[in-house]
Amino acid sequence: MWQSGSEGVTCIACGEELPRSQAREYDKHGDRWERRDKEFEFLCKPCYRECCHQPRDGLEETLVRADAGDADRETFLAQYHDIAGGEGPERER
Ligand SMILES: [Zn+2]
């Protein structure tokens, strides 16, 4: 997918893959400084702007209902898409 050496992450809002260096960390709890035992979610820049600088009805609630941060990524994405009413994540296997 990416050139070797660059880590790819997936935007939790739109499912877009992007290099981690281009992504914005998103923590639903709002404490970006407690990094132990914790995996951040990532947003692409457009979604980050929408999430964090404009009200977006239901997104936060949807993320929480989808167990953002608690479920593993695949489960979370599946739940998120389910709740959001979109298609399920593409399976690569
Ligand atoms: Zn996005």
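Among the elements of this protein, helix α2 (residues 59–65) has the lowest mean pLDDT, 72, and strand β2 (residues 17–19) has the highest, 93. Here pLDDT is the predictor's confidence in each residue, on a scale from 0 to 100. Helices (H or I, at least four residues) and strands (E, at least two) are DSSP runs, numbered from the N terminus.

I should state at once that this is a predicted model: local features need pLDDT of at least 70, side-chain atom pairs count only at pLDDT 80 or more, and totals for chains, interfaces and linings use all residues. Residue numbers start from 1 along each chain as its sequence is written. For the protein, the mean pLDDT is 73, with 58% of residues reaching 70 or more.

Turning to the overall arrangement, the protein has three helices and four strands. Their order from the N terminus is β-β-β-β-α-α-α. Of the 93 residues, 16% are buried. A residue counts as buried if 20 or more other C-beta atoms lie within 10 Å of its own, as exposed if 12 or fewer do, and as partly exposed in between, with C-beta atoms placed from the backbone.

Two residues illustrate the intermediate class. E25 lies in strand β3 (residues 24–26). E25 is partly exposed because 13 other C-beta atoms lie within 10 Å. Its C-alpha is 4.7 Å from that of F42, although E25 and F42 are 17 residues apart in sequence.

F76 belongs to helix α3 (residues 73–84). With 19 other C-beta atoms within 10 Å, F76 is therefore partly exposed. The C-alpha atoms of F76 and V64 are 10.0 Å apart, and twelve residues separate the two along the chain.
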